[in-house]
Amino acid sequence: MTMAPEEPKVEVPEGYVKLTIDGEEVIAPKGELLIRTAERLGTVIPRFCDHPLLDPAGACRQCLVEVEMNGRPMPKPQASCTMTVADGMVVKTQRTSPVADKAQQGVMELLLINHPLDCPICDKGGECPLQNQAMAHGRADSRFRDTKRTFPKPLPISTQVLLDRERCVLCQRCTRFSDQIAGDPFIDLLERGAHQQIGTAETAEIYDAASHTASGKPFQSYFSGNTIQICPVGALTSAQYRFRSRPFDLVSSPSVCEHCSSGCAERTDFRRGKVMRKLAGEDPEVNEEWICDKGRFAFRYATAAQRLRTPLVRNAETGELEEASWTQALAAAADGLAKARDGKGVGVLPGGRLTLEDAYAYSKFARLALRTNDIDYRARAHSAEELDFLASRVVGTTPETGVTFTALEHAPLVLCVAFEPEEEAPAVFLRLRKGARKRRTKVVHIGQWTTPAVSKTFGELLACVPGGEASAVEGIAQHAPDLDEALRAEGAVVLVGERAAEVPGLFSALHRLSERTGARLAWIPRRAGERGAIEVGALPTLLPGGRSVEDAAARSEVEQVWGLEAGALPGTPGRDVTGMLNALVTRDLDGLLVGGVDPADLPDPALARKALAAASFVVSLEMLPSEVTEHADVVLPIAPVDEKAGSFLNWEGRRREFSITLEGTGALPDCRVLDTLGVEMDADLFTQTPAAAAGDLARLAPKPTGSAAAPDVPNGHVPKAGDGQAVLATWRQLIDEGTLQIDEPHLAGTARPVVARMSKASAAGLGRRVTVSTERGSVTLPLEVADLPDGVVWLPANSPGSKVRATLGAGHGAVVTIAAGGDQ
Amino acid sequence: MAVESAGASVAERVRAVVEAHRDERGALLPILHGIQAEFGYIDPEVVPILAAELNLSRADVHGVVTFYSDFRSEPAGAATVRLCRAEACQSVGAEKLVADAEQVFGVKLGQTTPDGSVTLQQVFCLGNCALGPAAQINGRMYGRLDRTRLVEILAKGAEA
């Protein structure tokens, strides 16, 4: 490109500088790294250690360029990944400078000296930055004639990450990720010189262990899979994916994570109809470039041997479930449901893991085919107060009107109440940590003990007795005036988790707090389908779009869109989950239509079992056999997310659409199954496909939020523990016994240890193990001392050996009996 | 776990060293020197204690310990012999001295004799190039060494 000599001088705006790269004048924002300015210009400088989301390191030296400042050339080539742009800088990259090119060739040659030539068996081969850049910027042959340095390999640094030290180019992306982004600095540089290597504090021990066992001491992080993805060579590989496939044999499909309510972007790679791996997708608004290990590794449930693939109908004579054709099964289901509906009625439990489209089909099916408002997706502890809260504060919020990931990062203060970000929504945790690291966001947690998330967000803990969160929130004005003041700051956010439903008065207290201080309030549920289910009216009090079932105008609006005659929709709120289960036991309800619900998740699993046994007709839409399918009269198999299209609404209210990954498997989404079932029952749902369901839903534009009455429930009394008792604090760990994590031993190996926690004073005299019991049963776990309030015991809610709901029949805030558990 | 019985006292001694340097900037290095002075070596069991005290990860502490070859992770012998193998000494017979030393003590470089009397180590240049082959024995510098002198010095050292 030639420039006319009389071309007018380009004004350099405030905060920008002008420099020259390869003879071209560029205007770049101050503080931008040279390597990125060049990239914007279309010149890709080779690099290994540089990563836009990690702090600059200048570790690999591959990005050397020639730099001239104020007419004086710098004596040596400079690393463009650590040098920021400056006014008047003249830069020559490998494109125009033989010096830079030679320097890059030299570095490449050095990096390859000890790099093994095992590309043909390396997982990274075919998608390897080292391979690609060696082709582009390296020599065709090596001048190195000596023996390469070798290490025993691979070294398992956790059950899911394998380390190959020979392949490592010491770029430190993994150590910087662990240290900066995840806050789990379990790996670091060890040794020096030619022996320098990545490792954990136990590398030597692992090496010993590696010779006879499959796993060493874990690299304890929920985010360790990201190090595999950002490794620019094949030094860190995934135990799950190792030797499974070559990148060029894989077909990639953009997808959305189905595990939590963050809705992280993913890339699903499959081969011959089978998912081989999942990688983090890029979405700067949501997950940036990171996902948690659960999202990355937990997908084998869809290929589990016990997966349901054909409809099952219970044989009236033998009482056994028998395989049936879709026609038979649908006819049987429609017949049974119609009978139950015309009797005492049918309740609907869709579960919290549905896509928006599938949840809409349940919602419409309940109203049209079953003519009831007895629908509640909440397969967990729930309350009427929560319903009011969801209707008044949550439904209808969008990223435009509500709190977003970006807002969390920029908030001056984030208050987490009854919410454990790292365990319940890992992407939220990463944002909180990023905000705290980069922008000094103050994070305050109202919880029970200093969890890893509290320390890694540099947070402050306001400890309270479980169940006392509402009083703690009420007490902020009086006892924590600093916090009260900080909540009034522009952009302050309060986050509340699903556990709040177990604390009477908490939602009301938070609503009042938010009204009083102006802090924005966001609800972050744990499951991916929860937010969408609210929007489509899979609740006893709501119709699609946040319309109240009690509002006649709203009802007639829905009736018109659905083509019903006026007054067809029932105008009284339905029963919630517990209400439905109780009604089944007392025979006030005959049938049940159940989606992905595990009775052990419900507030009272014993009641759920009793209700399932008492119900005269149960239809189960399931993917895997469960306690529900054991009792079901008809089981209809449905598709996992990889085998259907759809969308999730994440906690922000952001629509996360995904298209089908594995086509032609024959598995049907819930919305299609319900549509056909509806036809059998003379109700047209128009949800044949997820797209049709979405189109139908779009005709019911959401009502503006805030029209419903806010929750107003007085604080419950703070639970008190007597002698030999404690108040139970409990929540789920990210990696536990969840149904979607089956068949994945590598992931299960990185679960956090299953221990009970108590304060030092309360633990005194209990020994090494503690037994926590109620009249239902008991849990015995190793005891660890932590900074809980006295008289409180914490248990993981759904981990091996600690299934709190199923075993104890109790939840967060319950009073339990404590005894020494023996020193086993 | 060799220090199990004296576990508490080891932790206390470590904490005392940490306390002495806690307020310094980049306290880990002086603390590690202190630990080595106190115990003669840095037991891997000390690493978790240091990590907890300094709010670092164990990998971080382990990384620093392994980076500096002066830090030992097992006890040294009564005498430490550090033979120079840099170019100047090599040119006047350091390699032969190394071979001799290995033969005399029956251990390789980096090892300690089974009776715990001598630890053999290599260094690269002690700055005593004019008087090679050089070695440092228990912190003292010696030049113009050969097999006989090395044995003599160690024998004398043992008497003293």
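1. Cysteine B:C89. In this predicted model, B:C89 sits in helix α5 of chain B, an element that covers residues 87-90. B:C89 counts as buried because its relative accessibility is 3%, below the 20% limit used for that class. Setting aside neighbours within four places in sequence, B:C89 has contacts with B:C84, B:A94, B:G132, B:P133 and B:A134.

2. The annotated site. An unreviewed UniProt entry lists B:C84, B:C89, B:C125 and B:C129 under "binding site". These positions are spread over 46 residues of sequence, yet they cluster in space, with a largest C-alpha distance of 9.3 Å.

3. Cysteine B:C125. Where in chain B is B:C125 placed? B:C125 belongs to the loop that runs between β2 (118-123) and β3 (135-137). Its relative accessible area is 40%, so B:C125 is classed as partly exposed, whereas B:C89 is buried. Leaving out neighbours within four places in sequence, B:C125 is in contact with B:C84 and B:A86. B:C84 is thus listed among the contacts of B:C89 and also among those of B:C125.

4. The cis bond in chain B. The peptide bond between B:G132 and B:P133 is cis, with omega about -5°. B:P133 lies in the loop between β2 and β3 of chain B, and B:C125 is placed in the loop between those strands as well. Both partners of this cis bond, B:G132 and B:P133, appear in the contact list of B:C89.

5. Architecture of chain B. Chain B contains 7 helices and 4 strands. Read from the N terminus, the order of elements is α-α-α-α-β-α-α-β-β-β-α. The C-alpha trace spans about 50 × 35 × 25 Å along its principal axes. The domain assignment divides the chain into domain 1 (10-67) and domain 2 (79-158), and the C-alpha centres of these two domains lie 30 Å apart.

6. Burial, contacts and surface of chain B. Of the 160 residues in chain B, 41% are buried. When contacts between residues at least 6 apart in sequence are considered, 57% join residues at least 24 apart. The exposed area of chain B is about 8,800 Å², and carbon and sulfur atoms supply 52% of that area. The chain carries 15 positive and 20 negative side chains, and the centres of the two sets are 7 Å apart.

7. Helix α4 of chain B. Which residues of helix α4 (residues 58-67) are buried? They are B:A59, B:V61, B:H62, B:G63, B:V65 and B:T66. The buried residues of α4(B) pack against elements from both chains: β9 (187-190) and β10 (197-200) of chain A, together with α2 (28-39) and α3 (46-54) of chain B.

8. Residue A:E191. A:E191 is found in the loop between β9 and β10 of chain A, the two strands of that chain against which the buried residues of α4(B) pack. Its phi is near 60°, a positive value in a residue other than glycine. A:E191 counts as partly exposed because its relative accessibility is 32%.

9. Further backbone features of chain A. A:F686 is not a glycine either, but has a positive phi of about 55°. A:F686 lies in the loop between α24 (670-680) and α25 (690-698) of chain A, and with 44% relative accessibility A:F686 counts as partly exposed. A cis peptide bond runs from A:K153 to A:P154, with omega near -10°. A:P154 is in the loop between α3 (129-137) and β7 (155-156) of chain A.

10. Domains of chain A. The assignment gives domain 1 (16-111), domain 2 (313-380 + 531-698), domain 3 (385-525) and domain 4 (725-820). Domain 2 is therefore written as two segments of sequence, 313-380 and 531-698. The C-alpha centres of domain 1 of chain A and domain 2 of chain A are 58 Å apart.

11. Residue A:V618. Is A:V618 buried or exposed? A:V618 is buried, because its relative accessible area is 1%. This valine lies in strand β26 of chain A, which covers residues 617-622. Apart from residues up to four places away in sequence, A:V618 touches A:L592, A:V594, A:L612, A:V628, A:H631, A:A632, A:D633 and A:V634. From A:V618 to A:D87 the separation is 531 residues in sequence and 73 Å in space, C-alpha to C-alpha.

Conventions:
Residues numbered from 1 in each chain as written. Chains lettered and ligands numbered in written order. Predicted model: local features only at pLDDT ≥ 70, side-chain atom pairs only at ≥ 80, totals over all residues. Heavy atoms only, no water. Buried < 20%, exposed > 50% of the residue type's maximum accessible area, 1.4 Å probe, protein only. Contact = heavy atoms within 4.5 Å. Areas by Shrake-Rupley, 256 points an atom, 1.4 Å probe, with all protein chains shown as cover. Lys, Arg positive; Asp, Glu negative; His and termini not counted. Charge placed at Lys NZ, Arg CZ, Asp CG, Glu CD. UniProt positions renumbered as here; feature names shortened; annotations may be inferred.
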